[in-house]
Amino acid sequence: MPITEHPEDDSIGENSLAQVIGARGGVDDRCRLLLEAITDYAIYMLDPEGHVSSWNPGAQRFKGYDEAEILGHHFSRFYTDEDKARGLPERALRTAAEQGRFENEGWRVRKDGMRFWAHVVIDPIRSPSGELLGFAKITRDLTEKRQTEDALRKSQEQFQLLVQGVTDYAIYMLDPAGQVASWNAGARRIKGYEPEEIIGQHVSRFYTEEDRADGLPRRALQTAEREGRFEHEGWRVRRDGTRFWASVVVDAIRDDEGHLIGFAKVTRDITEKREAQRALEQAQEELLQARKMEALGQLAGGIAHDFNNLLAAISSSLELLQKRLPEHPRTARLLENALKGVHRGASLTSRLLTFSRQQPLEPQAVDLAALIRGMGDLLNISLGGNISVETQAPHPMPPAMVDPSQLELALLNVAANARDAMPQGGTLTITLASEEVSTGQVPGLKGGAYVRLAVTDTGEGMDEETLRRAADPFFTTKEAGKGTGLGLSLVHGLLEDTGGRLVLRSRKGHGTTAELWLPAAEAPHVSQERPTPHVELERGSQSLTVLAVDDDPLILMNTSLMLEDLGYRVIEAHSAAEALDVLGEQHVDLLITDQIMPRMSGMELVKIARELRPDLPVILATGYMDLDELGAPDLPKLDKPFGFEQLKAIVRETVRGAA
């Protein structure tokens, strides 16, 4: 029976060889020629006791022994000392004799003492009568194959250690159906599942309900199978139900024949990176908005300053006309209406200056009911015709301690938000209440007496997330170009500075209430205008000389006329430089100067003037400067636009204080 060689089969020819030898009782010439031609296998015979009785070139090449030096020796010399001590050679022959075959892999020893990894097959050789004649032993050197397998196994183990050691990435395998097949430490840390509770589960459990409904898990695997790769960023769900923003890569894995055997999935938690990027974008947006608001504030401040000068000229002219024209009811009424218009204009410029932050905070006891009544027309115009305004104010109400101009601005901001929440119209209710609260009763408020101004709309309301961020600077739910996100943050800032608090209450679909908590005035009182008795000018007051300085000729002329009506001698100067010339040449008892002037400001003029005349009384006329910022908090200030009575009062007070 011929013996054929199949290099890929470790046991090739073994049965045929045993059959040939057993049938003929020995090795004939043809079989010997065949065995001597084989060099990839060590094929040799053993007698029943295990002594070598034949030796082929393959055996000589593997084991290093010549035929003459190995024949007759026991085959156990090819085994390691450990295997010999365990009785492996004897057990191999006994197993072959009893079971008809022995097969094993293990270390064997060459003549030079070197070891090699061998695949061994031992078959018994029997006579036709069944007598054991010996054994046929075939050995193949698998050292290179074992080294390759060991290297591959070591590489796989190292790769497994690498994958398991990574904690910043969730790296795991999916089978073709999307079931989790492996799980690393990073996946356990990021997603929260232990291997035993997630292996075998479908990958879709990591997706949000919205993404599952949209078919994203299925689409991800289909894309990876079709294109080889799928990449995506989106929300994923941890074991505890919390969400994180993930960067996901899914790669298809195929065998050598191109068949899909699964997917490799790598997930990274980039929530912090996303939040940092969003924070950077928000900071850039806030910076842009801040620059826009700064530019707008500077523009508003400049306009308000110029408008104040115009109002000052108009106001003083009207008051002078009232004094000079003969009494006539119609004329008096017209002049009175004109002065009311000036006062409204002054209120408008005050709001502009508050907006531009060029007017200091001036808290005072304010009758909120009267303030709201005074804003009625402005509120109606701001809200439009499809929103009605209702006011509920019990009597009596204690006054609140707040800057009235800034409170008006705050109330307008709140009303504007309410208007935008009621695009189809509705009702805006303003409610006043006096409250006595204990510390902690209202978050952020100390215990004490407060006035609560509540503005309630019938709009669409806010969800919890929007309500939580509503007062954040630059946060807005309005479309681009229709909101700066500064309205409620300005209200919040005002109330914080005043010692109050902004409290927002809202539910989606149930409208919003903005509560403005303001500290009640400690000693509320109602100012009463008392008739000012006529005070004759002290003897010699007509000889007092007042130096009036203003770069606006209209204001300068009217200021001079009012001072002359008060009985003073007036010297006019159209600039600070001109005023210094006057001070160097003439005697002056009082200096009244504008602050904003070209080349030299009013404060710069005052400093130089007091170097010349340290005892010179000075009044600074300005519409918006904070004297604390100018370093002169005690300097008398005349607010523009001013009238005859204001000018008279501050001049007499300053002159008497300097006497």
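A contact here means heavy atoms within 4.5 Å. In this protein, residues 24 or more positions apart account for 57% of the contacts with a separation of 6 or more.

The model is predicted, so local features need pLDDT of at least 70 and side-chain atom pairs count only at pLDDT 80 or more, while totals for chains, interfaces and linings use all residues. Residues are numbered from 1 along each chain as its sequence is written, and side-chain values use heavy atoms, with hydrogens and water left out.

**Overall composition**

The secondary structure comes to 22 helices and 20 strands; helices (H or I, at least four residues) and strands (E, at least two) are DSSP runs numbered from the N terminus. Of the 659 residues, 43% are buried. Buried means under 20% relative accessible area, exposed over 50%, and partly exposed in between, with a 1.4 Å probe and protein chains only. The accessible surface is about 35,800 Å², and carbon and sulfur atoms hold 50% of that area. Accessible areas come from the Shrake-Rupley method with a 1.4 Å probe; for residues, only the protein chains shown count as cover.

**Two residues**

| Residue | Element | Relative accessibility |
|---|---|---|
| L554 | helix 19 (residues 553–565) | 46%, partly exposed |
| T545 | strand 16 (residues 545–549) | 4%, buried |

L554 joins F307, L310 and I314 in a nonpolar surface patch of about 340 Å². Helix 12 (residues 271–324) supplies the largest share of this patch, three residues. Patch members have over 30% relative accessible area and no salt bridge (a side-chain nitrogen of Lys or Arg within 4 Å of a carboxyl oxygen of Asp or Glu). Nonpolar side chains (Val, Leu, Ile, Met, Phe, Trp, Tyr) are joined within 5 Å, and like charges within 9 Å.

The side chains of T545 and R569 are joined by a polar contact of 3.0 Å. Such a contact is a pair of N or O atoms within 3.5 Å; within protein, one must be able to donate a hydrogen and the other to accept it, and residues adjacent in sequence count only if both atoms are side-chain atoms. Leaving aside residues up to four places away in sequence, T545 touches R569, I571, H587, V588, D589 and L590.

**Helix 20**

Helix 20 (residues 576–585) has A576, A579, L580, V582 and L583 buried. These residues lie on the same side of helix 20 because they cover an arc of only 160° around the axis, taken from the directions from the helix axis to the C-beta atoms. Strand 16, strand 17 (569–573) and helix 21 (602–612) are among the elements covering them. The face turned away from the buried side of helix 20 carries the exposed residues G584 and E585.
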